[in-house]
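Reader: I have a chain open on my screen and no idea where to start. Can you take me through it?

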Amino acid sequence: MALKITQTVTITGTSGIDGQQAAYFSAQVPQGVGNSTISRNITNQVLYDANRKVVRADESEFQGKVYAIEDSLLAK
């Protein structure tokens, strides 16, 4: 049996409305071969429902940042 170590970059973000968190985003990007994982957790459903477009825009921005990190790691 041989030890295999995989190093990842973890990225987190939050979407907030008036000082309250509506959603939490997390991503794990491998440094090498592998697939990234991105997840979203709605932390305040009422706030999310009332501000869905804003939270989704934040999520889209977060995904763009993750893609940029993926691209920079592949360029190395």
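## Strands, helices and a core

Author: Start with the long helix. This is a predicted model, and in it helix α2, residues 52-75, lies across β1, β2 and β3.

Reader: At what angle does α2 run to β2?

Author: Helix α2 runs at about 20 degrees to β2.

Reader: ok, back up. Which helices and strands does the chain have, and in what order?

Author: The chain has two helices and three strands. Starting at the N terminus, the elements go β-β-β-α-α.

Reader: And what order do the strands take in the sheet?

Author: The sheet is open, with the order β1-β2-β3 and antiparallel pairing. β1 (8-17) and β3 (37-42) are at the edges with a single partner strand each, so one side of each has no neighbour in the sheet. On average, neighbouring strands here are turned by 15 degrees against each other, direction ignored.

Reader: What holds strands together in a sheet, generally?

Author: Strands pair through backbone hydrogen bonds, and the pairing is either parallel or antiparallel.

Reader: How many bridges join β1 to β2?

Author: There are 10 bridges between β1 and β2, the latter covering residues 20-30. One of the pairs is Ile-17 with Gln-20, which sits in β2.

Reader: What's between those two strands?

Author: β1 and β2 form a hairpin, with two residues between them. Asp-18 is in that loop.

Reader: What is odd about the phi of Asp-18?

Author: Asp-18 has a positive phi of about 50 degrees, yet it is not a glycine. Most residues other than glycine have a negative phi.

Reader: Is Asp-18 buried or exposed?

Author: Exposed. The relative accessibility of Asp-18 is 77%, and the cut-off for exposed is over 50%, so Asp-18 counts as exposed.

Reader: New topic: the inside. Which residues touch the most other members of the largest nonpolar core?

Author: Ile-11, Val-55, Phe-62 and Val-66 do, in a core of 13 residues. At least two residues of this core come from each of β1, β2, α1 (45-50) and α2.

Reader: Which element gives the most to this core?

Author: β2 does, with five residues.

Reader: What is Phe-62 in contact with?

Author: Setting aside neighbours within four places in sequence, Phe-62 is in contact with Ile-11, Thr-12, Gly-13, Phe-25, Ser-26, Ala-27 and Ile-38.

Reader: And Ala-75, where is that?

Author: Ala-75 lies in helix α2. Ala-75 has a relative accessible area of 69%, and anything over 50% is exposed, so Ala-75 is exposed.

Reader: How far is Ala-75 from Thr-10?

Author: Their C-alpha atoms are separated by 18 Å, while along the chain Ala-75 and Thr-10 are 65 residues apart.

Reader: Last bit, the whole chain. What is its radius of gyration?

Author: The chain has 15 Å, whereas a compact globule of 76 residues would have a value near 11 Å. Along the principal axes, the C-alpha atoms fill a box of roughly 50 × 30 × 15 Å.

Reader: What share of the residues is buried?

Author: Buried residues are 24% of the 76 in the chain. About 5500 Å² is exposed by the chain, with 50% of it supplied by carbon and sulfur atoms.

Reader: What about contacts between residues far along the chain from each other?

Author: Counting contacts between residues at least 6 apart in sequence, 39% join residues at least 24 apart.

Definitions and conventions: Residues are numbered from 1 along each chain as its sequence is written. This is a predicted model: local features need pLDDT of at least 70, side-chain atom pairs count only at pLDDT 80 or more; totals for chains, interfaces and linings use all residues. Side-chain values use heavy atoms; hydrogens and water are left out. Two strands pair if DSSP finds at least two bridges between them. Helices (H or I, at least four residues) and strands (E, at least two) are DSSP runs, numbered from the N terminus. Axes are lines fitted to C-alpha atoms, for helices over the stretch in contact, and angles run from 0 to 180 degrees between N-to-C directions. Contact means heavy atoms within 4.5 Å. Buried means under 20% relative accessible area, exposed over 50%, partly exposed in between (1.4 Å probe, protein chains only). The radius of gyration is taken over C-alpha atoms; the globule rule is 2.2 Å times the number of residues to the power 0.38. Accessible areas come from the Shrake-Rupley method with a 1.4 Å probe; for residues, only the protein chains shown count as cover. A nonpolar core is a set of buried Ala, Val, Leu, Ile, Met, Phe, Trp, Tyr and Cys residues joined through side-chain atoms within 4.5 Å.
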